[in-house]
Structure formats: C-alpha cells, structure tokens
Amino acid sequence: MRRGRLHPMNSPSVRGRIRAASGASSRGSTAKSGSVTPGGLRGIGLLHRPIMMPAMDQNLRVPGPTPLAEAVREAQSAPMIDHRGTEFGELLREVSASLAELIGTRGDVFLLTGSGTGALEAAVVNTLSPGDRVLAVTIGAFGDRFAKIASAFGAQVERLEVAWGSAADPAALDAHLADNPAYRAVLLTHNETSTGVTNPLRELASVARTGPGEPLVLVDGISGLGAMPFEMDAWGIDLVVSASQKAWMGSPGIAIAAVGERARAAGEAARMPRVYWDFAEARKWAEKGQTPWTPAVSVLYGLRVGVRRLAEEGRERTWARHAAIAAGVQAGLEALGLQLVAAPADRSSTVTAAWLPEGLEWAPFNAAMRARGLIVAGGQGAWVGRILRFGHMGDVGIDEMAEALRVMGETLVEFGRAADPAESVRVARQAFEARLSAAR
Ligand SMILES: Cc1ncc(COP(=O)(O)O)c(C=O)c1O
C-alpha cells in the first residue's frame, strides 16, 4: 500500500508560492482584495483579477472531482483515436471488465459519456414505466435528486425520508414495505455526499430485495463505489451507478452503470422515454467494442489508469486505505474543535461533513482557505452556510489530509477561533496509523 506520499502542497516553497500568488500572509486579515464575500467579489477594479491559482498548487479537497495523478493526466493527453477502431474497443473492454470486478458483478458495465446525474437518469428510464410505484429512500440532497428524476419521468414516487445527517434504518424500510402495496423499485443511496453519511447498504438492499413484489434495487453509488465495501451481485443489487471523477481517480465525463440480470430483463418492459441513455443501444454497441454515441475518449484514457491502479492495489486494501484516511481526517477535524455531522457508525470513508462553528461565516472563511490553496466544499440545499465538506477519495494519502488540516486550523486561528493546527495534524496521523494497523 502506498503511504506517506509527498504531496506538492507539502513543500514549503510551494506553500510560499501559494501565499505569494494569493496575496495572503499566513496570518493576514480576513477581507482580502479579490476574496469572495456574500456581496460578491471585493475590491475588483477593472484591471484586478480574482485570486486564481494553478490547480497543481491547490489542495483539492472537495468530494469529487478529485486530484489527478500525474499518470492519469499524462494518459489523458495521448493522441486521439478513432472511436470506431480496434484500439478504442480494447480500451472500452478493459475498463468495463475491470470495473465489473471491482464492483463485484457479472452483469454489464456501461461507460456512458455524461456525469453521474446522467447515469441516475439512465437507471430510472431503463428499468421503469410511467405510473410505476417507486419508493425513494432519501437521506440527503442526492437521494432527493434520484427521487426527482423518477418523478420527472412519470413514476409514482413515494419517499421514505430520513433526517439529514442520519443513515436509513433497514428495520424502518422493512416496516414501510410491509405496510404498503408492492413497489416496482426501491431507490437507495450508498454514500450521501451532501451529509457525509454512508448507508448500511447491504442490509437495506437485502430488505428491499425481499420486500413485497421483490422490487428492483437501484443504487446511487456515485461517491462510495470503489472506495468502500461493495458487492453488487452478492448483496442483491440490480443496478448501481457511479462516475469517473469520484473514487475511480479520473476526470469528470464518464458515467458508469452496472446492470444486473433483473434490471436487464426489466428494461425490456420499461416504457419510459429514452434515446441517449438507452441501455439496449449501449449493449448492442458494446458487443462491437463501441459506444452508440461519440465517447469522451480522453477521459476514458485517464480512467483506465485510475482503474488499473485500483486493481493493482486490490479492493480490500483500497477500502482499508480510505477508511484509515477518513479516520485521520475525522479525528483531525474534531481536534480542531469542529463537530462532525454524522454519528461515528454512519461516517463516510470518502467525505466528511462538519458543522461550522457558531458565528463563523462560511463565505469569508472559505475565501480565506482558498487564498491559502485549500479547496473544500460547503453545504448543499438547506445546509448552505451551515456545514463544510472535506473530500478524501481517490488517489489520496494522509500527507495532503494533514496539510489541509493544518491550513484549516491556521484559518480558524485567523478568524479568532481557539484551534491548534499542529495538534490536529498529530492526532490525524495517529488515528490514520492506528486504523491502518488494525486493518493489517
Ligand atoms: C451521491 C451522489 N449522487 C449524485 C451525484 C451527481 O453526480 P454528477 O455531479 O457527476 O452529476 C453526486 C455528485 O457529487 C453524488 O455525490
């Protein structure tokens, strides 16, 4: 397993360059020229440009897109090829077959050009008909999106809503299914990126699959797949989707749909309208080593490298690495005095959400972190301005997490909060090592 990789952010000269480029000092004042505030960009004159830094000098800690390994970036700049030629066929077959192994399925894996939301739409329109009863188990913004898509295409969607910040309870799902007429499908989220909560997917899928009418189990696995335990066929999941820019270490642009036998059969009867996302077309063309429409070839080149790296690392080791890094980040954030959103048992291995301390305004705080090269995400929907989200999936190591915690700690101090950045880094590394040793 790779450990202790040196991230470019860790070099003092790079940190110095970031500060110089951003006009920030390590303990500067809050309102910098060019910083983003609720009122817009401050101090922007006609000749003044907002703070911009080259991506390589940023510590990109949003929950996707994720930083790209040099090998991925190099692969993406390879010369273009004919997407109807044999070379592309090899690329498509290799990536689909490796993903099927990593996901744990003998079903089809389609590589669709689009973002994860496109794959959610594909999951719906290829399995359902207008009027179908669908139960959407929603625990956050992305569960809501899945439900919205099914409604938009005419499904009769009912929701089993769980308060944001918590995971769904398999017993509650069981009771709901038993008390209601049969559903055609149950929509589940593996990892809710808006709240940093991972669902007990194996248990939820098992309850859903054996419920009245044996509903189809359709899963949004976009931000969990690849990084966390997942066994599509063994867990009875009929269809799961993901996207290249998450744990798969690629750039945005390729949506991934793994389709099991029951979902494939459901497609034959499904009457929702579809053209671009039609799996029957994808299947027909995949047999020839092609996609129906022009694919994002360069993104696929990069994704191939990401998937090879994951296959080489091995699923269990990848899962253990993510769990250890998450443990480190979570301990480090708590050491900074932040309260985490999710209860310990529900915490995600790919993204951690923390409440913003009382009275700390997100926009200036975020601008100050960005000025130091640290890019984290804010809240979504009702949680805008209330939480921050720290991504730790893909080609990640503990060094860049430690660097992010140090920068966040320094920014908290700048904003008058009692935080000890060095202690946070120490605690994070310790929790990371402890979790890794336990997994060995
Ligand atoms: C769980 C989940 N579902 C859906 C999406 C939407 O994916 P995309 O932004 O690629 O359309 C995301 C993106 O963050 C996600 O994390």
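Is alanine 363 exposed, partly exposed or buried, and how many other C-beta atoms lie within 10 Å? I started my notes with this residue. The model is predicted, and I read every entry below with that in mind.

**Entry 1: alanine 363**

I found alanine 363 in helix α12. I counted 14 other C-beta atoms within 10 Å of alanine 363, so the residue is partly exposed; a buried residue would need 20 or more. I also looked up its distance to glycine 385, which lies 22 residues further along the chain. The C-alpha atoms of the two residues are separated by 7.6 Å.

**Entry 2: α12 against α13**

I moved on to the helix that holds alanine 363. Helix α12 covers residues 362-371 and helix α13 covers residues 398-414. I noted that their axes come within 10 Å and cross at roughly 130 degrees. That angle makes α12 oblique to α13. I recorded the crossing of this pair as right-handed. On the α12 side, the residues in contact are Phe365, Ala368 and Met369. They meet Val407, Met408, Thr411 and Glu414 of α13. By class I have five nonpolar residues, one polar and one charged in this contact.

**Entry 3: α13 against α14**

I then followed α13 to helix α14, residues 421-439. The two axes come within 8 Å and cross at roughly 155 degrees. α13 and α14 are therefore roughly antiparallel, since angles over 145 degrees count as such. The crossing of α13 past α14 is right-handed. From α13 I listed Ile398, Met401, Ala402, Leu405, Arg406, Gly409 and Glu410. Their partners in α14 are Pro421, Ser424, Val425, Ala428, Arg429 and Phe432. The contact of α13 with α14 divides into eight nonpolar, two polar and three charged residues.

**Entry 4: α6 against α7**

I checked one more helix pair. Helix α6 (residues 170-179) packs on helix α7 (residues 201-209) at an angle of about 10 degrees, and I noted 9 Å between the axes. α6 and α7 are therefore roughly parallel. I have this crossing down as right-handed. Pro170, Leu173 and Asp174 of α6 meet Glu203, Leu204, Val207 and Ala208 of α7. I sorted this contact into five nonpolar and two charged residues, with no polar ones.

**Entry 5: helix α4**

Why is helix α4 described as largely enclosed by the rest of the structure? I found eight of the ten residues of this helix (residues 116-125) buried, so the description follows. The buried residues are Gly116, Ala119, Leu120, Glu121, Ala122, Ala123, Val124 and Val125. I looked up what covers them: the elements include the strands β4 (108-113), β10 (216-220), β11 (239-243) and β12 (254-259), and the helices α5 (141-152) and α9 (279-286).

**Entry 6: the ligand shell**

Gly116 of α4 came up again when I listed the residues around the ligand. The others in that list are Gly64, Ser115, Thr117, Phe142, Thr189, Thr193, Asp220, Ile222, Ser223 and Ala243. I divided the shell by class into three nonpolar, seven polar and one charged residue.

**Entry 7: the whole chain**

I closed with totals. The secondary structure of the chain comes to 14 helices and 16 strands. Of its 440 residues, 51% count as buried. I also took contacts between residues at least 6 apart in sequence, and 73% of these join residues at least 24 apart.

Conventions:
Residues numbered from 1 in each chain as written. Predicted model: local features only at pLDDT ≥ 70, side-chain atom pairs only at ≥ 80, totals over all residues. Axes fitted to C-alpha atoms, helices over the stretch in contact; angles between N-to-C directions. Helix = DSSP H or I, 4+ residues; strand = E, 2+ residues; numbered from the N terminus. Parallel < 35°, antiparallel > 145°, perpendicular 65-115°, else oblique. Left-handed = near helix turned anticlockwise from the far one by under 90°. Contact = placed C-beta atoms within 7 Å. Nonpolar A, V, L, I, M, F, W, Y, C, P; charged D, E, K, R; others polar. Near = placed C-beta within 6 Å. Buried ≥ 20, exposed ≤ 12 C-beta atoms within 10 Å, placed from the backbone.
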